[in-house]
Every structure is written in C-alpha cells, then in structure tokens.
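Visitor: I would like a close look at one part of this structure, namely the aromatic pairs and the charged pairs that accompany them. Could you take me through that part with care?

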Amino acid sequence: MVPAALLLSLVACNPPPAQGGIAGLTVQDENGKNYVVVTDAKGEIQTDDAGNILEIETQPDGKAATNTAGAPVTNYIAPPKQIVYADYYETAHFKFRVPEGWEKKDAGKMSMQLKGHEAVWEMQLLRRQTLEDTANLSRQLLLTLAQEAGKKPLEEAEKVILGYPGILLRQPLTADGTDSVYDAYLFAHGEDVLAIYLKYPLGEQELLDFDSLIKQMTVKPLGNESEITSAP
C-alpha cells in the first residue's frame with residue numbers, strides 16, 4: 001500500500017481568471033496547499049514529455065508571480081499520484097467519474113458514498129504489488145474484521161473486471177445487531193494493482209450493482225503510467 005504521504009491528492013476548485021493570458025486551474029493537495037496548474041484550450045493540464053505538470057507560481061495573495069517582462073512565472077512539478085476534480089478521480093492508470101446518486105467522500109481519498117445511504121466505495125492504486133500479494137493482505141484485513149464482527153466465513157471468487165482477470169473477496173459482518181458486507185475487488189494493471197473496497201449494510205445490497213458502477217472507470221493503456229493530463 002502506498003503511504004498516505006506519497007499520495008498527492010489534488011482537489012480542483014473553480015478555475016481562476018486567466019493569468020497573463022494563461023488559463024489556470026486551482027488545485028489543492030491533502031495537506032491543504034493550493035496550486036494553480038496551466039491548462040490548454042481543451043481544459044487539459046499541461047505537461048512535458050516526462051509527464052511533469054506545468055504550475056503557475058503564485059504570491060501569498062494568490063496572484064500569479066511575474067517576471068521582469070510581466071509574464072507569469074511557470075515551473076514544472078512532479079506529477080501527482082492521484083488527482084481529484086469536478087466529478088472525476090484520476091490516476092496514471094485510470095479515470096473514474098462519480099456516478100449520479102453518489103457523492104465524493106473523505107478529502108485525500110478516492111472514495112464516494114451513496115447519497116442518503118451508508119454504502120461507501122473506495123479506490124486505491126497499490127504500487128509495485130502483485131495481485132496475489134494484495135489479495136493476501138486483503139484477506140488478512142477482512143478476516144481480522146470478521147473476528148471482531150460475527151466470525152462469518154470469507155467468500156472468494158474469480159472476477160473479470162473491465163476485461164482484466166481479478167479477485168472478489170466478500171466478508172459478511174455482524175456488529176451491534178447489524179449485518180453488513182465488506183467487498184474487495186482487485187485486479188492488476190501492469191506492475192500495480194487497482195483495489196476497490198465496497199462496504200454497505202446488508203439491506204442496501206440491492207441498491208448496488210458493481211458491474212454498472214465500474215463502467216464509470218476508464219483504464220488507460222499501459223505505458224502512460226506517468227501521465228495525468230485530463231480535466232473536466
């Protein structure tokens with residue numbers, strides 16, 4: 001699992017006015033630091049060939065820093081591991097649109113909650129892990145939860161996810177008289193693993209259709225792992 005400190009999670013705000021003719025998008029990391037990144041006419045974040053993002057340097061008052069010619073000062077910065085903007089979550093491996101009826105949850109995480117309900121969906125990109133290693137870690141987590149909540153058996157099945165061979169782990173739980181379910185959907189993409197965790201009360205199971213929800217995800221071709229270029 002990637003340490004939280006390494007997950008630079010950017011949250012897009014309303015785009016600021018063009019800075020000296022340069023269109024910018026305000027983003028914020030999980031520590032609350034604001035950035036303004038340069039976008040093109042299509043709203044895509046500008047990067048160099050290595051995938052570094054073009055940032056507009058700002059002053060303490062939020063206005064663009066300028067050089068002696070009055071033009072905004074820009075610098076390339078290392079690309080984030082994940083970015084959040086509008087209704088989208090994006091990493092170098094995938095882009096996911098938050099579907100209607102759901103809302104983003106927990107700043108700094110790629111998670112969402114079903115509106116008016118308790119069901120929570122969380123995505124994690126696990127770097128340099130094999131599918132089986134991730135499955136073993138998930139099994140340990142779910143079995144630990146089961147020891148604390150009902151001791152029901154762990155269910156496991158092969159699961160094709162967006163055309164990729166994957167694994168579904170399902171752990172029924174009972175705590176304080178309430179039945180719930182914790183699902184882990186796992187599949188490998190290149191040298192990394194995409195993990196999707198879905199936790200919900202048993203009574204909400206009929207409201208959830210994983211195969212429909214996962215269609216909101218677009219998996220990027222391998223070889224583009226350093227690139228995050230999209231914007232709404």
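Guide: What follows goes through the aromatic pairs and then the salt bridges, with strand β14 as the starting point. The model is a predicted one, and its secondary structure comes to two helices and 16 strands. Of the 232 residues of the protein, 42% count as buried, and among the contacts with a separation of 6 or more, 47% are between residues 24 or more positions apart.

A search of the whole structure finds five aromatic pairs. One of them joins Tyr 182 and Tyr 197, whose ring centres lie 6.3 Å apart and whose planes stand at 75°, an edge-to-face arrangement. Because Tyr 182 belongs to strand β14 (residues 178–189) and Tyr 197 to strand β15 (residues 192–201), this pair ties together parts that are 15 residues apart in sequence. Both partners fall below the cut-off for burial, which is under 20% relative accessible area: Tyr 182 counts as buried at 16% relative accessibility, and Tyr 197 is buried with a relative accessible area of 10%.

Strand β14 also supplies Tyr 185, which pairs with Phe 210 in helix α2 (residues 210–213), so that distant parts of the chain, 25 residues apart, are linked. Here the ring centres are 3.6 Å apart and the planes lie at 5°, and the pair is therefore stacked, since planes under 30 degrees apart count as such. Tyr 185 is buried at 4% relative accessibility, and Phe 210 is likewise buried, with a value of 7%. The two residues belong to one aromatic cluster, which they form together with Phe 96 and Trp 121. A ring can also have a charged partner: the charged end of Lys 95 sits over the ring of Tyr 88, at 4.8 Å from the ring centre.

Turning to the charged pairs, the structure holds 10 salt bridges. Strand β14 takes part here through Asp 179, whose side chain meets that of Lys 152 in a salt bridge with an N to O distance of 3.6 Å. Lys 152 lies in the loop between α1 and β12 (155–161), and the two residues are 27 residues apart, so that the pair links distant parts of the chain. Both ends are partly exposed, with a relative accessible area of 34% for Asp 179 and of 31% for Lys 152.

Helix α2 has a charged partner of its own, because Asp 211 in that helix and Lys 159 in strand β12 form a pair that ties together parts 52 residues apart in sequence. In this salt bridge the closest N and O atoms are 2.9 Å apart, and Asp 211 is partly exposed, with a relative accessible area of 40%.

Strand β15, already met through Tyr 197, contributes Asp 192, which forms a salt bridge with Arg 127 in which the closest N and O atoms are 3.7 Å apart. Arg 127 sits in the loop between β11 (120–126) and α1 (131–148), 65 residues from Asp 192, and this pair too links distant parts of the chain. Arg 127 counts as partly exposed at 25% relative accessibility, whereas Asp 192 is buried, with a relative accessible area of 2%. Through shared partners, salt bridges join Arg 127 and Asp 192 with Arg 128 and Glu 191 into one network.

Terms used: Residues numbered from 1 in each chain as written. Predicted model: local features only at pLDDT ≥ 70, side-chain atom pairs only at ≥ 80, totals over all residues. Heavy atoms only, no water. Phe/Tyr/Trp six-rings, centres within 6.5 Å; stacked < 30°, edge-to-face > 60°. Helix = DSSP H or I, 4+ residues; strand = E, 2+ residues; numbered from the N terminus. Buried < 20%, exposed > 50% of the residue type's maximum accessible area, 1.4 Å probe, protein only. Lys NZ or Arg CZ within 6 Å of the ring centre and 35° of its normal. Contact = heavy atoms within 4.5 Å. Salt bridge = Lys/Arg side-chain N within 4 Å of Asp/Glu carboxyl O.
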